[in-house]
Amino acid sequence: MSAPLLSVLKQSFGFAAFRPLQEEIIRDVLAGRDVFALLPTGGGKSLCFQLPALMLPGLTVVVSPLISLMKDQVDALQDAGIAATFLNSALAPGEARKRLRGLHQGEYRLLYCAPERLMLSGMLEDLQKWNVSLIAIDEAHCISEWGHDFRPEYRQLSGLRELFPGVPILALTATATERVRDDILRQLCFEDAHTYVASFNRPNLTYRVIPRSQPQRQVRDFVRQRRGESGIVYCFSRKAAESVAEHLTKDGIRALPYHAGLSAEERDRNQTLFLRDEVRVIAATVAFGMGINKPNVRYVIHYDLPKNIEGYYQETGRAGRDGLPSECLLLFSAADVVKQTSFIDEKPTEQEQEIAREQLRQMVHYAETSECRRTALLRYFGEDWPTHPATQPCGGCDNCLEPRETFDGTLAAQKLLSCVIRLRQKSGFSFGLNQIVDVLCGADTDLIRKWGHQSVTTYGIGTEMKRPQWQAIGRELIRLGFLQQTGGKYAVIEITAEGLSALKARQQIMLTKPAEVKAEKRRRTGEIPCDEGLFDRLRGLRRRLADEKDVPAYIIFSDVALREMANRYPATPEEFATISGVGSQKLEQYSEAFLDEIAAYLRTYPKQVFEDSLSAIG
C-alpha cells in the first residue's frame, strides 16, 4: 500500500515522506480499525484523517472544538483542491443550507463539525444518510475530566460507537498523560483500538527560564531581537495581557491582546490579524491558542508562571509547528508562586486545592531545576530521554547549552537544615519554608513572637542573604532530597534521613547559581539555511497572494517551503514541484508567480552557496 499512499501524499499535500507514525495510523484507519493517536503539536495529526478521506468512498466527519480551527483547515484543504466544508454557528442560515445540500449530494470528502452540533438528533439522522466512512475526533483530551481542557459537550461523543458500529473512529490529541489516555479509550468505548503514542520531544524547540526582574523590558528586548517573527506572550491575567500589548505597541512593536474580557468581535479580529501576519505579537491569556493552526509562531513567552506542566507544554507547543527552530522563554519569580497559591486557596474543595498545589510544585521544580529541561518535561509524561544529559546534552535548553555555575553551598545548607531541626525542637512540630526563612533572616513577625522563635540558636544567622535567595536554597535542598515538603494547605518542611546524615557528616553540598541570559550562537535543530533576502521577497509575494484570497499567508505556503525555495533557487516547474508542500494544485496555482519572483531576484543578486544545500538544483 506504500506506493499509492505516497502518491496521494505528494499529489494532494505536496510531501515526499510521512512523519513518524503517520503511515501506520493511516493504514489502520483504512483497514477499518479504531485508533487512538497521541502525536505532538506539529507532528501531523490532521494528515492522519485528511489523507484517508481521499481514499475512502464516503464522507469523513471531523469533530473539532473551535470555529477558527475549522475554517483554517477547510481553507487549507480547499486551496489544495480538496472538497471540504464545515458547519457551525458562525454560518448564515442561507450558507448553512447550501452546504447541507452539497452534503446530501455527496459533493464533499470532509465535514468539520463541533461536538454539540454533531450530536443533535437531526444532524445524526443526516449523517446516517451521508455514507460516513470515518469519524475523527480532534483534541480528544477534551473528553476526559482528568484532562487540562475538559469540555462537557465532548462527553456526548461516547454515543457514536452505537450509532455507527461499523465506522472506524480516530481519536487524536497532542497532550495527554497516561491517566487521560485511559479515560479517552474508556469514554469512546474503544475495546480493540490500536494505540499510537509518539515521543513528546519537540527537538526544534529551545526551552529557557530566566529570573523575572523587569518583565516589560525583558519581553520588549526579546521581541525586538526577533522583529518580523510571530510570537505569543502568555499572561496570567487579562490586565497583564492588555499591559504587555500596550507597552510593546508604545515601543514600536505592534501587538494586540486576546482574553475572555474582550468582545467576541474583538477576539476574532485580533486573532485574524495575528494569523495573517498583520500583527506579529499577541499578548494573551490561556484562552488563546487551542486549535490555532499557525505554523510559523517562532517564539512563545510565558510572562507569568503557568499553573501546571501540562498546560505549559501545550502552550509552548504552539511554537515551531512547521519544524523550524523556535524558542520558549519562561520568566520566573518566587512571587509568582505566592500569586498562584492565593488562587488555589479559593478553589471549592480540599481535593481540588491539593491537586493544584502538587501541580504548582511540579511547575516550580521545572522552573528552578538545573537539570536538562527536556528531560524534566518528558519525564512528566512518562517518557525517558534516551541520552544522559551529563554526557550528551539535549542541545535545546538553557541548562544544557549554558550549564549554570555551581558553588559550595555547604555552609548555607547547614544553616537552613539546622534551622528546620531547631524549630521542630522548640515547638514540637514542623513549619513551612517562609517561617524558616524569616527565622534565618532575623525577622520580627507575629508568628516568630508567637512561637518564641527569636530564642532559637539559628535566629538571625542568615542575614548575609535576602529572603528570595534563602527560599531558592530551600527549594533546591528539597529537590536534592535533603528536605521534604508535606502536602496539604499548610505544607511544612521536614529534614530527611539523607539531610540529617549530610549535616552530621559536614558533607559538602554544591548548589546552583541563578540563571543568566546569554547570547546564543549555534546551529539549531530544524534550521534551513537560505538566502534571507530572497526569503523576505518570497514572504512578501506570499502575503500578496494570501490577501487576494482573503486567507492567512501560511495557507499558500509554509515558511519551510519558502526557505527551501530560497535555498534551492528552483528555476523550472519540475524543480518547483520538489519543494515541500507543493502538490499538483499548488504547482498549477503558484509556480509561475514564485518562479518569476526568484528569477527577478537573481537578476540583481548572485546565488549563495550553502554548505548543506537541500538539493543540487541550480
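This briefing covers cysteines, salt bridges, one helix and some backbone angles in the structure above. The model is predicted, so local features need pLDDT of at least 70 and side-chain atom pairs count only at pLDDT 80 or more, while totals for chains, interfaces and linings use all residues. Residues are numbered from 1 along each chain as its sequence is written, and side-chain values use heavy atoms, with hydrogens and water left out. A search of the whole structure finds 37 salt bridges and zero disulfides.

**Cysteines**

- A disulfide is a covalent bond between the sulfur atoms of two cysteines.
- Here the term stands for a pair of cysteine sulfur atoms within 2.5 Å.
- For C48, the closest cysteine sulfur is that of C142, and at 18 Å it is too far for a bond.
- C142 also holds the closest cysteine sulfur to that of C189, again 18 Å away and too far for a bond.
- C48 has a relative accessible area of 0% and is buried, whereas C189, at 38%, is partly exposed.
- Buried means under 20% relative accessible area, exposed means over 50%, and partly exposed lies in between (1.4 Å probe, protein chains only).

**Salt bridges**

- Side chains of opposite charge can pair when their charged atoms come close.
- A salt bridge is counted when a side-chain nitrogen of Lys or Arg is within 4 Å of a carboxyl oxygen of Asp or Glu.
- K586 and D79 form one such bridge, with an N to O distance of 2.8 Å. The pair links distant parts of the chain, 507 residues apart: K586 is in helix α27 (residues 584–602) and D79 in helix α4 (residues 67–79). Both K586 and D79 are buried.
- Helices (H or I, at least four residues) and strands (E, at least two) are DSSP runs, numbered from the N terminus.
- In the bridge between R373 and D398, the closest N and O atoms are 2.7 Å apart. R373 belongs to helix α16 (residues 373–380) and D398 to helix α17 (residues 398–401), 25 residues apart. R373 and D398 are both buried.
- R542 pairs with D559 in a salt bridge whose closest N and O atoms are 2.9 Å apart. Because R542 lies in helix α23 (residues 532–549) and D559 in helix α25 (residues 559–568), the pair ties together parts that are 17 residues apart in sequence. R542 and D559 are both buried.
- E350, E354, R357, E358 and R361 are joined into one network by salt bridges that share partners.

**Helix α22**

- Which residues of helix α22 (residues 497–504) are buried? They are G499, A502 and L503. They cover an arc of only 100 degrees around the axis, which puts them on the same side of α22. The arc is that of the directions from the helix axis to the C-beta atoms.
- The exposed residues A497 and K504 are on the face of α22 turned away from its buried side.
- Among the elements covering the buried residues of α22 are α18 (410–427) and β16 (493–495), where contact means heavy atoms within 4.5 Å.

**Positive phi angles**

- Most residues other than glycine have a negative phi.
- R506, just after α22, takes a positive phi of about 55 degrees.
- N131 is not a glycine, yet its phi is positive, near 55 degrees. N131 lies in the loop between α7 (121–127) and β5 (132–137), and its 49% relative accessibility makes it partly exposed.
- D550, also not a glycine, has a positive phi of about 60 degrees. D550 sits in the loop between α23 and α24 (553–556), and at 47% relative accessibility D550 counts as partly exposed.
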